[in-house]
Amino acid sequence: MDLYAEIIVDNNSTQTDILYTYRIPIEFQDNLKIGMRVIVPFGMGNMLLQGLVIKMKNTISFNKNKLKDIVEIVDKEPILSSNLIELGLWMRREYLAQYIEVFKTIMPTGITKKVKQYIYVVDENINITNIKSKNQKKIIKFLFDNNGIEFEELKKALEISNINSSLKSLKSKNIIKVENKIEQDINKKYEKVVVKLFKNLDIPKILKGLNKLAKKQKEVILFLKDYKEIKLKDLTNLVGSSYSTIRSLESKNLISIIDKESPRQVLDKNYKKTENMELNKEQTECYNRINNSISNEKSKKFLIHGVTGSGKTEVYIQLIENVIKKQKQAIVLIPEISLTPQTVERFVSRFGNNVAVLHSGLSLGERYDEWRKIKENKVDIVIGARSAIFAPFKNLGIIIIDEEHENSYKSSINPKYDTIKVAEKRSELENAILVLGSATPSINTYYLAEMGKYELLQMNKRANKQEMPNVDVIDMREELENGNKTIFSNRLYNDIITNLKDERQIILFLNRRGFSTFISCRECGYVEKCPSCDVSLTFHKKENWLKCHYCGFAKKPVEVCPKCESKYIRYFGIGTQKVEEMVKKTFENINVERMDIDTTSKKNSHEEILDRFKNKEIDILIGTQMISKGLDFPNVLLVGVIAADLTLNLPDYRASERTFQLLTQVAGRSGRGERKGNVVVQTYDPNHYSIIYARSHDYIGFYKEEIKLRKIFNYPPYVNIISIVFSGLDVRELEKITKYISDAIIKNIRYKNKDFDVSNNISKPMPSPIPKIKNKYRWQMIIKSSDKELKVIKNIIYWVCIKNKYNIPIDKVKISIDINPNSIM
DNA sequence: AGCACGCCGACT
DNA sequence: GTCGGCGTGCTC
């Protein structure tokens, strides 16, 4: 019977982004299934590539002569379920990505197999004088000493420009042969294990049979009495014997030494086991509502809006318990930055080694091991950052997304997917429950809850009946008028003093790192900028460097203005480094620590700082938004926000939303113990609604105000935003191409829909808010689209920008398309 | 993307 | 003739 497979080929090009059909040879027809990887010949050179089987069928609609055969099946079992394949196909259309990009995201990283070619001389006694070509002679000579060398190595060693044609010619003359071997990037980790082959009953007999001098061997035999098998390393350690002792026992067939796969240990197993906590009234209500749906086994979506400290995690845990009882599995997503041991511990201490953890801190091998634990049904729960949404569970029961509003749920690389949307889709495909949770839901999600797409569950009280902290807003303009030029208002200063006296710990928050944001000449106004990006350089005092926060460029600060040679160089704006310095200057004999990207770049430094804070070795912790999430330190009664305006003044439609979320989250770090906490918010804009509502912990009030503005100014959730960013080295060319593309898109949209309001929904192409990054100029166009029109517009963008229907010379520019981006900057 | 093919000019 | 360089066009 004829059977064909449609395959995604492992080739990173928009031009090969289609499904290719291959014939399935008879001998593979029984074993090949959708979701397996195969090796196929591709292109004119029949280069062997990995492919993923997406569909199977028994008829084809085009010329059979073009068909090639699948060469080999890679997997014994599908690595992707049909649900995950469908999810991937959906993502491709939704985010205008390529097949290969999507499926590389869904598959575990590094699983891709590469075919390597090994080159051999057929006859080692060949007479090379018969070979006329210089290059071919060179190759054969080299192969005499390096027979069976890998192709890439040969290429590197010989530096022959057109080595492929020389090899081809040699091959056709049967002088060399090429062997293909499939190699995988990551190898499983193996460990030697000793298996007992004798019965305990026979021990006396065995001991007698051994040589009198074989003292150690006898010890080992006796030791093995209590074991069926034991790791070689443990055995030699515990008995104090050497490997040779064990080996001689092996030669006597008393034991065998085998290589056993050992999963790398990602979690520290020594977490204390904890029991369920009793749920309060609100938690119980919430739990029951969701649990009903779990019992009904019908896909449903929930949004838990619960204030900071309302005990959402405990509800999640008890829901998961029930899901597992039903033989189903659970995915728990948390934002990357709060994926600290503190959060993971809560789940692991309840579920033990039934949990797999996936996050960016893992090595490729570790990640692969965790993935396989899920795949092989060794765990029922995965906890991880956004990519854990693709965990290959077979019977998914629930997806929980905590801190639903977080930016990191939107991917900024292709496919630029929104985890919330993907989770919605997956929960529908798998018939699972989706639970989103947040103290400050994103405006989008809350709107959808109001529209009935999510069932809204409110938790307004803190679980241990703690009171919400008191938030005071300080007008920094008044402070200045009263002659206070420091970065601390009188109020914050006094509060810090009292809290230090009471041996309480303090968190100070400023969402900007470095020392000064820009330096400029007072005489002529010259500002030091990055030579390859169009942004001002940030001064980092500790390293005495001006750094570019976009490309990492760094230089020593100037003492004289390079433009007018004036010595009056001034440093403007404050960052966390400056706050640190001011704290040290103002409050003596205290321990201060700063936590931002600059101090936490080393592995584990994040945890180390938090551990020291927990052990009260730090009095004042200063940090960026890194410290706004999930930290639960009962000894903190004061949180100070140095400048709330930073996020507020960004030219982005979500600036208010961000500010409100950030203030609420930071405030939530205060008063987690028995006593009521305090928050001091310093700002130059105390009457801004996001600050006013954050002060009274009034999410709903904020939401109502914000959603009104979104409607008036035509922003999400009322429209979708599509951002297309063009970047290239030549500005004039970039501008020209951007305009061609923009015109083509507008023309097509008009053609499809005469009534489309182009002037209100499509921005003219213009330079990006950051017009240059890493020497590449950036132009941008923004399209607003209703849900109804979105599909058509995306399709137009696909044909114009990706398939290049109009033959615009787009190969010189990079086009990045982002559907509903995090920010439009 | 990665490769072959074809065309051209340079070099033995 | 052979080799290297480069532009073009295709990949089931």
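Select N11 and DNA strand B. In this predicted model, a polar side-chain atom of N11 lies 3.3 Å from a base nitrogen of DNA strand B.

Step along to N12. Here the contact comes from the backbone: an N or O atom of N12 lies 3.3 Å from a sugar or linking oxygen of DNA strand B.

Now pick S13. Which part of DNA strand B does the polar side-chain atom of S13 approach? A base nitrogen, at 3.4 Å.

Widen the selection to the residues around DNA strand B. Besides N11, N12 and S13, add Q15, T16, M44, G45, M47, N164 and K168. Colour this surface by class: 7 residues are polar, 2 are nonpolar and 1 is charged.

Turn to the DNA side. Take the atoms of DNA strand B within 4 Å of the protein. Of these, 57% belong to sugar or phosphate, and the rest to bases.

Next stop: a sheet. Select β22, β23 and β24. These 3 strands form an open sheet in the order β22-β23-β24, with antiparallel pairing. Why is one side of β22 and of β24 left without a neighbour in the sheet? β22 (538-540) and β24 (554-555) stand at the edges, and each has a single partner strand, so one side stays unpaired.

Zoom in on β23, residues 545-547. Strand β23 is joined to β24 by 2 bridges, and the two run antiparallel. Show the backbone here. Strands of a sheet pair through backbone hydrogen bonds.

Finish on K547. Look across to β24: A554 stands opposite K547.

Note on methods. Residues are numbered from 1 along each chain as its sequence is written. Chains are lettered from A and ligands numbered from 1 in the order in which they are written. This is a predicted model: local features need pLDDT of at least 70, side-chain atom pairs count only at pLDDT 80 or more; totals for chains, interfaces and linings use all residues. Side-chain values use heavy atoms; hydrogens and water are left out. A residue is near a molecule or strand if one of its heavy atoms lies within 4 Å of it. A polar contact is a pair of N or O atoms within 3.5 Å; within protein, one must be able to donate a hydrogen and the other to accept it, and residues adjacent in sequence count only if both atoms are side-chain atoms. Ala, Val, Leu, Ile, Met, Phe, Trp, Tyr, Cys and Pro count as nonpolar, Asp, Glu, Lys and Arg as charged, and the others, Gly among them, as polar. Two strands pair if DSSP finds at least two bridges between them. Helices (H or I, at least four residues) and strands (E, at least two) are DSSP runs, numbered from the N terminus.
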